[in-house]
Amino acid sequence: MTGKNGHTPRLIAPGGTIGILGGGQLGRMLANAGSAMGYRFVALDPTPDCPMGQVSRQITAAYDDEAAARELAAQCDVITYEFENVDAGVAAMLTKEAYVPQGSALLHTTQHRLREKRAIEAAGATVAPYREITSVESLAQAVSELGLPAVFKTATGGYDGKGQWVIRSADEIEEAYATLSKAGTELVLEQFIPFQKEISVIAARSSNGEIKAFPAAENIHVNNILHLSIVPARIEASVAEEAERLAVAIAEGLGAVGLIAVEMFVTEDGRLFVNELAPRPHNSGHYTMEASKTSQFEQHIRAICGLPLGDAGLLTPVVMVNVLGQHVEPTVARLSIRDEAAEDLGVTPKLHLYGKKDAVKGRKMGHVNVLADSTEAALRWIEESGIWNEENKSRKV
Ligand SMILES: Nc1ncnc2c1ncn2[C@@H]1O[C@H](COP(=O)(O)OP(=O)(O)O)[C@@H](O)[C@H]1O
Ligand SMILES: [Mg+2]
């Protein structure tokens, strides 16, 4: 069988070497999971002693350095990536000269919101009504068709709410266009979905075509950065099942290999709109590290190496809370001594730190998986710890 990416699937047995473009926290957690399985790892990352480089070998070079990518290919049996903005030239070279089971087609699709939306629709899922924007006139026209509020986004390069403008009044059209068009990429306007909840489902598809989805996570963002993932999500079972079915359909429809994270909005009446995709491990899947029979990182490695996928079932309710720069000190202090509140609530907090040097405010430095008998108990521990007071104050849900 040859995948859509043109490679014949190969079995990369434990003992083989896996190369990762990008050596941030996702690479580090992939390397930790894969090392336990017997694989060796090489990171390609421009930052010396990057999070992954602390637990694996590292080639220190820019992401668009083709010679360095070729060196990575020479040292490895299989190549994957931990971020989606892989340089197109490097991706094309690697797919020719190395084994990249994920191919470059999926990257090409998910690097661009308009291409991504068309692919999601082709897989049978619904996205927020949208228009491609090419001029200030077309923005005004789209606003009159889709109504306000509406969310104006750059088609490429956005993350954590960057490259976006929520247009609430027609007075903002000119300024919004002037600001976002500076990025020089294509633009898209989306109808604002008055969602009740945001959820995500991470599916894995192996190079052999096997697919499994993790249970849906309920995600709470503060200042556009993920704050909490609550699992099981507090939604109807039928909605969770439909979300998992859609993620599988998208993984299948896009011919994904490896993980694909599917972010969705849930409306009051239980409808699902797919917001965006990420073809890699996702922050909202970090809960799987202790709460699932197989973690998202192990699953990604299984998928790209052609091993059978692991059981994606949940072992325990869990809430994942992100540790940003401002939370590092209080979290480390708290979890370095006996925690009687945790004992009383019957929760087990598991701290993960990524080895980043500068604890800048808002920067993702680690996370805590709070295992508990109920997500309520886990949420109570997070609240009572006082570490995330700012987030508790500003979050809506
Ligand atoms: N069409 C929309 N309707 C309502 N809220 C939206 C819409 N698009 C984005 N948002 C809000 O903005 C957040 C960030 O948007 P997203 O497209 O996921 O970009 P990013 O790449 O920054 O994660 C979403 O998680 C959601 O809370
Ligand atoms: Mg998003």
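1. A good place to start is the ligand. The shell around ligand 1 is an even mix by class: five nonpolar, five polar and five charged residues. That makes 15 residues surrounding ligand 1 in this predicted model, and the closest are Ala128, Val151, Glu190, Phe192 and Ile193. Keep in mind as you look around that the model is predicted.

2. Where does the shell around ligand 1 come from, in terms of domains? Domain 2 (129-191) and domain 3 (197-394) each give at least three residues to the shell. For the wider layout, the domain assignment splits the chain into domain 1 (17-110), domain 2 (129-191) and domain 3 (197-394).

3. There is also a record to set beside those domains. An unreviewed UniProt entry carries the annotation "domain: ATP-grasp" over residues 117-305. In the model, that span is 30% helix and 31% strand, and the C-alpha atoms at its two ends are 29 Å apart.

4. Next, have a look at how domain 1 meets domain 3. Their C-alpha centres lie 23 Å apart, and 25 residues of domain 1 are in contact with 21 residues of domain 3. On the domain 1 side, the elements giving two or more residues are helix 1 (25-36), strand 4 (78-81) and helix 4 (105-110). Helix 1 has the largest share, with seven residues.

5. What is the side of domain 1 that touches domain 3 made of, by class? Count 14 nonpolar residues, eight polar ones and three charged ones.

6. Now for a sheet. Four strands form an open sheet in the order 5-8-6-7, and the pairing is antiparallel. Strand 5 (130-133) and strand 7 (164-167) are the edge strands, each pairing on one side only. On average, neighbouring strands in this sheet are turned by 20° against each other, ignoring direction.

7. Strand 6 and strand 8 are worth a closer look. Strand 6 (residues 150-154) runs antiparallel to strand 8 (residues 187-191), and the two pair over five bridges. As an example to find on screen, Phe152 has Leu189 in strand 8 as its bridge partner.

8. Which strands does helix 7 touch? Helix 7 (residues 173-181) packs on the sheet and touches strand 6, strand 7 and strand 8. The direction of helix 7 makes about 170° with that of strand 7.

9. One last link back to the ligand: Val151, among the closest residues to ligand 1, falls within strand 6 (residues 150-154). Glu190, also among the closest, falls within strand 8 (residues 187-191).

Methods:
Residues are numbered from 1 along each chain as its sequence is written. Chains are lettered from A and ligands numbered from 1 in the order in which they are written. This is a predicted model: local features need pLDDT of at least 70, side-chain atom pairs count only at pLDDT 80 or more; totals for chains, interfaces and linings use all residues. A residue is near a molecule or strand if its C-beta atom, placed from the backbone, lies within 6 Å of it. Ala, Val, Leu, Ile, Met, Phe, Trp, Tyr, Cys and Pro count as nonpolar, Asp, Glu, Lys and Arg as charged, and the others, Gly among them, as polar. Domain bounds come from an automatic or database domain assignment. UniProt positions are given in the numbering used here, feature names are shortened, and annotations may be inferred rather than shown by experiment. Two residues are in contact if their C-beta atoms, placed from the backbone, lie within 7 Å. Two strands pair if DSSP finds at least two bridges between them. Axes are lines fitted to C-alpha atoms, for helices over the stretch in contact, and angles run from 0 to 180 degrees between N-to-C directions.
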